[in-house]
Amino acid sequence: IMRRLQDGGISQDSAVALYGCYSSMVVPLFNVIPALLGSLTMPLVPHLGHAIANHDREEQTNILSTAFRWGITVSIPAALGMGMLSKQILALLFSDAAEIQTAVPLLMIACMAVPASCILTATSAVLQAYGHAWLPMLSTAIGCVVKAICLYVLCAQPDIGILAAPI
């Protein structure tokens with residue numbers, strides 16, 4: 001990211017500062033909600049495994065419905081709240097006003113992906129219970145390739161720059 005920012009005309013010091021804001025302020029806050037949801041949905045995996053072993057379709061449906069309801073119920077309000085209060089949250093946790101100003105739009109963009117990340121967490125747990133743990137790994141690998149290509153193209157664009165990271 002830093003090299004591509006420099007290719008777009010940003011100085012090395014500025015690129016380091018921008019990437020530092022993203023990696024040390026935005027990414028940890030983004031990961032809070034999916035981590036919370038993971039702790040809520042992972043206990044469902046053994047129950048789902050038991051329902052699968054007993055061929056109990058009704059119980060499987062009930063557990064899946066619960067997992068995805070929790071994902072939606074937790075992630076959407078949390079993402080909206082974090083997005084709308086991003087400046088206040090960052091100001092509460094960090095002290096450098098200039099870095100906060102840089103991080104606010106990055107966090108607002110990143111918050112849009114929180115529900116998808118949370119559903120991915122729940123889906124991965126479900127696929128693991130069904131014995132298809134390779135599917136989340138495959139989709140993650142594909143996502144990494146797509147993200148790398150997008151970052152490579154967008155980071156060097158002067159009007160996009162570091163905003164490409166959360167995009």
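**Exercise 1. Residue T121**

Task: In this predicted model, determine in which helix T121 lies, and decide whether T121 is buried or exposed.

Solution.
Step 1. Locate the residue: T121 lies in helix α7.
Step 2. Take its relative accessible area, which is 19%.
Step 3. Compare this value with the cut-off: buried means under 20%. T121 is therefore buried.
Step 4. Identify the contacts, leaving aside neighbours within four places in sequence: T121 touches P34, G38 and T41.

**Exercise 2. The largest cavity**

Task: State how many cavities of 30 Å³ or more the model contains, and describe which residues line the largest cavity.

Solution.
Step 1. Count the cavities: there is 1 of 30 Å³ or more.
Step 2. Give the volume of the largest cavity, which is about 50 Å³.
Step 3. List its lining: T41, L44, V45, L48, I63, A67, A122, A125 and V126. Two or more of the lining residues come from each of the elements α3, α4 and α7.
Step 4. Sort the lining by residue type: 8 residues are nonpolar, 1 is polar and none is charged.

**Exercise 3. The largest pocket**

Task: Find which element gives the most residues to the lining of the largest pocket.

Solution.
Step 1. Begin with the space enclosed: the largest pocket holds about 690 Å³.
Step 2. Consider its lining of 24 residues; F30, A113, S117, L120 and K147 are those nearest the centre. The elements giving two or more residues to this lining are α2 (12-41), α7 (114-129) and α8 (134-155).
Step 3. Select the main contributor: α8 gives the most, with 9 residues.
Step 4. Sort the lining by type: 17 residues are nonpolar, 6 are polar and 1 is charged.

**Exercise 4. The residue H55**

Task: Establish where H55 is placed, and whether H55 is buried or exposed.

Solution.
Step 1. Locate the residue: H55 belongs to the loop between α3 (44-53) and α4 (57-84).
Step 2. Examine the backbone: phi of H55 is near 55 degrees, a positive value in a residue other than glycine.
Step 3. Apply the cut-off for exposure, which is over 50%. Because its relative accessibility is 69%, H55 counts as exposed.

**Exercise 5. Aromatic rings**

Task: Determine how many aromatic pairs are counted, and which residue lies over the face of Y152.

Solution.
Step 1. Count the ring pairs whose centres lie within 6.5 Å; the result is 0 aromatic pairs.
Step 2. Turn to the ring of Y152: R4 lies over its face, at 3.8 Å from the ring centre.
Step 3. Check the distance against the limit, which is within 6 Å for CZ of Arg.

Note on methods: Residues numbered from 1 in each chain as written. Predicted model: local features only at pLDDT ≥ 70, side-chain atom pairs only at ≥ 80, totals over all residues. Heavy atoms only, no water. 1 Å grid on protein atoms, 1.4 Å probe; cavity = no way out; pocket = protein on both sides within 12 Å on 5 of 7 lines; lining within 4 Å. Points joined across faces, edges and corners; volume = space filled by probe spheres on them. Helix = DSSP H or I, 4+ residues; strand = E, 2+ residues; numbered from the N terminus. Nonpolar A, V, L, I, M, F, W, Y, C, P; charged D, E, K, R; others polar. Phe/Tyr/Trp six-rings, centres within 6.5 Å; stacked < 30°, edge-to-face > 60°. Lys NZ or Arg CZ within 6 Å of the ring centre and 35° of its normal. Buried < 20%, exposed > 50% of the residue type's maximum accessible area, 1.4 Å probe, protein only. Contact = heavy atoms within 4.5 Å.
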